[in-house]
Amino acid sequence: MSEIADKLIDWYGVNGRDLPWRRTRDPYRIWLSEVILQQTRIAQGMDYYLRFIARFPDVGALAAADEDEVLKLWQGLGYYSRARNLHRAAQLVCERYGGTLPADYEALLALPGVGEYTAGAVASIGFGLRVPAVDGNVLRVAARLNDDFTPITDAKQKKRTTGHFSEITPEDRPGDFNQSLMELGATVCLPNGAPRCGSCPVQHLCLGYHHGHAEILPVRAAKRARRIEERTVLLVRCGEEVGIRRRPKTGLLAGLWELPSLEGKTGANELRARLSARGWQVEKLLSLRGAKHVFTHVEWHMSGFEVTLAEKPAGLTFVTPQALRESYALPSAFRAFLSVLEE
Ligand code: SF4
């Protein structure tokens, strides 16, 4: 075994955090934890993980669920396509493998939403297969260990790092080795120029540390600027109910429920005229505090209006605020406009 693997596994045995998904070798639970933790910090992810496990204790239970229920449980994590893929993959596992995840890296990789990192994590931790699991954390650790200034966003770099860790992954404890690397990246070799090299078990082997580069590595390619979209969001009320609608089946937040909105920023008078032109009978129009929501490639800059209607128009589904809270997965981009429902 390489000295790095040796040191990291020993360190992990003593310092690894006690987390619910580390108390199991159940590949389903490991898969679920990895998908959830791609979206969020551990503290928040833990609640989601426990809720998912309580509701869907195995692949079969997840596969049999209604998609809307899965999305509702996922609400707040964003990237809803990942929840859909998780659900679809569970159904495929039932169809192809009788409800048990396959103990095969390539077969895992072929499931919807399962990339190299997730397949590697499930294969190594859940099945003890000798495959690496390289994510952004591990790429950062590798760049520092090797004093490597190649941008970690470069696909070649990921390939090289995967190859390097494939060679030094021990036969007998691949899952522990992968988890030790992830744990080092999460708790010691921290991002944004703040590694805790004084607590690092592989400091003596770290070229970045010895050359004084630990804090400036890794290098990232410059990001493209996000596109800004202005929107006017409508909290439509009629009697005790609120109007929502489904988004289109493709594109951003595909197929999810949303508050209706108009492109661009619209003033009260113009909005009243536009809604009247649609045949909406507006009784009251109140301006709401604006909000901003950042997606990966686009930012929504939103203004908002509470619109009280005399009659329910076609094209919207009207639900009570309680039903909206409990049964509909509304993306967090719209959450800022719901606070008036609590008043
Ligand atoms: Fe990261 Fe510092 Fe350890 Fe190197 S010595 S691996 S930079 S924490």
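# Exercises on a predicted model

Y28 touches I53, F56, P57, D58, V59, L62 and L101, when residues up to four places away in sequence are not counted. The structure is a predicted model. The exercises below start from Y28 and its core.

## Exercise 1: The nonpolar cores

Task: State which residues of the largest nonpolar core touch the most other members, and which helix gives the most to this core.

Solution.

Step 1. The largest nonpolar core has 67 residues. Y28, W31, F52 and L259 touch the most other members of this core.

Step 2. Helix α6 gives the most to this core, with seven residues.

Step 3. There is also a second, separate core of 24 residues. L8, W11, V134 and F177 are included in that second core.

## Exercise 2: Helices α2 and α6

Task: Describe how α2 and α6 pack, and find the direction of one helix relative to the other.

Solution.

Step 1. Two packed helices are described by the angle between their axes and the distance between the axes.

Step 2. Helix α2 covers residues 27-37 and helix α6 covers residues 80-97. The angle between them is about 160°, and their axes are 11 Å apart.

Step 3. Angles over 145 degrees count as roughly antiparallel. Therefore α2 and α6 are roughly antiparallel to each other.

Step 4. The crossing of α2 past α6 is right-handed.

Step 5. On the α2 side the contact is made by W31, L32 and V35, and on the α6 side by L86, A89 and A90. By class, this contact of α2 with α6 has six nonpolar residues, no polar residues and no charged residues.

## Exercise 3: Helices α9 and α11

Task: Treat α9 and α11 in the way used for the pair above, starting from the angle and the axis distance.

Solution.

Step 1. Helix α9 (residues 136-145) packs with α11 at an angle of about 80°, and the axes are 8 Å apart.

Step 2. Angles of 65 to 115 degrees count as roughly perpendicular. The angle makes α9 roughly perpendicular to α11.

Step 3. N137, V138, R140 and V141 of α9 make the contact with L181, M182, L184, G185 and A186 of α11.

Step 4. The residues of this contact divide into six nonpolar, two polar and one charged.

## Exercise 4: Buried or exposed?

Task: For T118, H87 and E95, decide whether each residue is buried or exposed.

Solution.

Step 1. A residue is buried under 20% relative accessible area and exposed over 50%.

Step 2. T118 is found in helix α8 (residues 116-127). T118 is buried, because its relative accessible area is 3%. Apart from neighbours within four places in sequence, T118 is in contact with W31, E34, V35 and Q38.

Step 3. H87 has its place in helix α6. With a relative accessible area of 5%, H87 is buried. Leaving aside neighbours within four places in sequence, the contacts of H87 are L62, A63, A65, D66, E67 and V70.

Step 4. E95 is also in helix α6. Its relative accessible area is 58%, so E95 is exposed. From C-alpha to C-alpha, E95 and E326 are 31 Å apart in space, and they are 231 residues apart in sequence.

## Exercise 5: Backbone exceptions

Task: Explain what sets the backbone at N192, L253 and P218 apart.

Solution.

Step 1. Most residues other than glycine have a negative phi, and most peptide bonds are trans.

Step 2. N192 is not a glycine, yet its phi is positive, about 60°. The residue N192 is found in the loop between α11 (174-187) and α12. N192 is exposed, with a relative accessible area of 76%.

Step 3. L253 has a positive phi near 50° and is likewise a residue other than glycine. L253 lies in the loop between β2 (241-246) and β3 (257-258). L253 is buried, with a relative accessible area of 13%.

Step 4. L217 and P218 are joined by a cis peptide bond, with omega about 0°. P218 is in the loop between α12 (207-210) and β1 (227-238).

## Exercise 6: The whole chain

Task: Summarise the protein chain by its helices and strands, its box and its buried residues.

Solution.

Step 1. The protein chain has 15 helices and seven strands.

Step 2. Its C-alpha atoms fill a box of roughly 75 × 50 × 35 Å, taken along the principal axes.

Step 3. Of the 343 residues in the protein chain, 50% are buried.

Step 4. Among contacts between residues at least 6 apart in sequence, 68% join residues at least 24 apart.

Definitions and conventions: Residues numbered from 1 in each chain as written. Predicted model: local features only at pLDDT ≥ 70, side-chain atom pairs only at ≥ 80, totals over all residues. Heavy atoms only, no water. Axes fitted to C-alpha atoms, helices over the stretch in contact; angles between N-to-C directions. Helix = DSSP H or I, 4+ residues; strand = E, 2+ residues; numbered from the N terminus. Parallel < 35°, antiparallel > 145°, perpendicular 65-115°, else oblique. Left-handed = near helix turned anticlockwise from the far one by under 90°. Contact = heavy atoms within 4.5 Å. Nonpolar A, V, L, I, M, F, W, Y, C, P; charged D, E, K, R; others polar. Buried < 20%, exposed > 50% of the residue type's maximum accessible area, 1.4 Å probe, protein only. Core = buried A, V, L, I, M, F, W, Y, C linked by side-chain atoms within 4.5 Å.
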